[in-house]
Amino acid sequence: MIEQLRADGSLRHLLTLETLDRRQIERLLERAQSFVRPLGERPPRSRLLEGATVANLFTEPSTRTRVSFELAAMRLGATVVQLEVQLSSRAKGESMLDTIYTLQSLHVDALVIRDAEPGVPALAAAHVAPHVSVLSGGEAHVSHPTQGLLDALTVYQHKQRFAGLAIAIVGDIRHSRVARSAWHAFSKLGVSDLRLAAPATLMPEREEFAGCSRHTELASALAGADVIMMLRIQRERISEAHLPVGEQYFGAWGLTRERLALARPNAIVMHPQPMNRGIEIASDVADGPQSVIRDQVRNGVAVRMAALAEVLSCGRASA
Ligand code: CP
């Protein structure tokens with residue numbers, strides 16, 4: 001596994017939450033919270049990263065992660081480059097590493113990478129020059145560290161604690177990088193009642209998700225839960241033959257108002273999006289009073305500001 005820290009203990013890369021300790025995660029969350037503003041207020045701006053260049057290199061589709069990394073870099077004063085992979089020389093057969101070396105020669109200081117292949121962010125991190133940082137914008141089914149952080153920040157904002165919470169993660173956990181990063185974040189932050197709920201084909205292997213309870217029907221996972229995190233079926237990682245049928249899936253696993261009533265009355269409903277309404281979640285739940293899905297999106301910019309500030313501002317004062 002790639003070392004994410006510099007010799008002085010500061011964060012150089014952000015590829016996974018798995019090897020960060022609780023204090024490092026809390027530091028990122030505290031810094032992110034300092035960047036959060038209510039909607040309607042102007043977001044914070046600083047010149048902390050003035051002169052730095054951040055490149056977004058996404059080979060899988062993205063709305064939230066890509067836009068929020070771009071806004072985060074701009075709000076800290078950095079220059080941002082969006083590499084359109086289909087318009088780049090990758091389409092002519094250039095390797096990922098040659099693309100990365102090219103961006104490095106163009107004075108890019110941080111690469112944000114999303115890729116469908118496991119290991120690509122780590123491969124980049126292993127080959128970039130010492131002054132360049134790599135941040136994962138989502139690695140296959142493996143890891144989505146800034147999503148894990150924004151999910152933790154959202155929970156903390158609504159519950160003011162992690163200890164004693166019951167958190168149910170529901171849906172296609174097997175193929176979900178969001179679930180893996182949430183598990184790393186929540187377990188390190190002290191959540192002891194983490195529940196996985198999925199049909200057998202979408203449940204991860206036993207060796208993964210140590211410490212979580214497993215539920216093969218929804219009701220027991222939702223009973224008394226404080227937080228419900230719904231997941232999309234990752235169609236892009238499942239063969240046609242194994243894809244659940246939408247209506248049947250909703251009938252057994254969709255979060256409806258009736259099922260939400262099994263959780264605590266003040267339970268919050270989360271979803272990383274993109275969301276398939278009527279398959280994993282009913283519209284009136286997604287848009288209802290217990291939904292914090294839009295807070296998750298807002299927190300995404302703050303978390304990405306914190307991550308970029310941490311990896312690129314070594315030695316400089318906080319924003
Ligand atoms: N949650 C998330 O990663 O969304 P995008 O795929 O739109 O970036």
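**Figure 1. Helices H1 and H5 are roughly perpendicular to each other, because their packing angle of about 70° falls within the 65 to 115 degrees that count as such.** The model shown here and in the other views is predicted. H1 covers residues 22–34 and H5 covers residues 145–159, and the two axes lie 10 Å apart. H1 passes H5 in a right-handed crossing. On the H1 side, the contact is made by Ile25, Leu28, Leu29, Ala32 and Gln33. H5 contributes Leu149, Ala152, Leu153 and Gln157.

**Figure 2. Helix H2 crosses helix H11 at roughly 55°.** This angle makes H2 oblique to H11. The axes of H2 (residues 64–75) and H11 (residues 293–312) come within 8 Å. The crossing of H2 past H11 is right-handed. From H2, the residues in contact are Arg64, Thr65, Ser68, Phe69, Leu71, Ala72, Ala73 and Arg75. They meet Val297, Gly300, Val301, Arg304, Met305 and Leu308 of H11.

**Figure 3. Strands S3 and S4 form a parallel pair.** Five bridges link S3 (residues 110–115) to S4. Within this pair, Asp115 stands opposite Glu139 of S4. Between the two strands the chain runs through helix H4 (residues 120–127), giving a right-handed β-α-β crossover. S4 spans residues 133–139 and is mostly covered, with seven of its seven residues buried.

**Figure 4. Five strands make up an open sheet with parallel pairing.** Their order across the sheet is S7-S6-S5-S8-S9. Strand S7 (213–215) lies at one edge and strand S9 (268–270) at the other, and each of these pairs on one side only. With direction ignored, neighbouring strands of the sheet are turned by 20° against each other on average. Strands of a sheet pair through backbone hydrogen bonds, either parallel or antiparallel.

**Figure 5. Strand S8 pairs with the edge strand S9.** S8 covers residues 227–230, and its pairing with S9 is parallel, over three bridges. Ile228 stands opposite Val269 in S9. In the order of the five-stranded sheet, S8 sits between S5 and S9. In a regular strand the side chains alternate between the two faces of the sheet.

How values were computed: Residues numbered from 1 in each chain as written. Predicted model: local features only at pLDDT ≥ 70, side-chain atom pairs only at ≥ 80, totals over all residues. Heavy atoms only, no water. Buried < 20%, exposed > 50% of the residue type's maximum accessible area, 1.4 Å probe, protein only. Helix = DSSP H or I, 4+ residues; strand = E, 2+ residues; numbered from the N terminus. Pairing = 2+ DSSP bridges. Right-handed = clockwise from strand over helix to strand, strands pointing away. Axes fitted to C-alpha atoms, helices over the stretch in contact; angles between N-to-C directions. Parallel < 35°, antiparallel > 145°, perpendicular 65-115°, else oblique. Left-handed = near helix turned anticlockwise from the far one by under 90°. Contact = heavy atoms within 4.5 Å.
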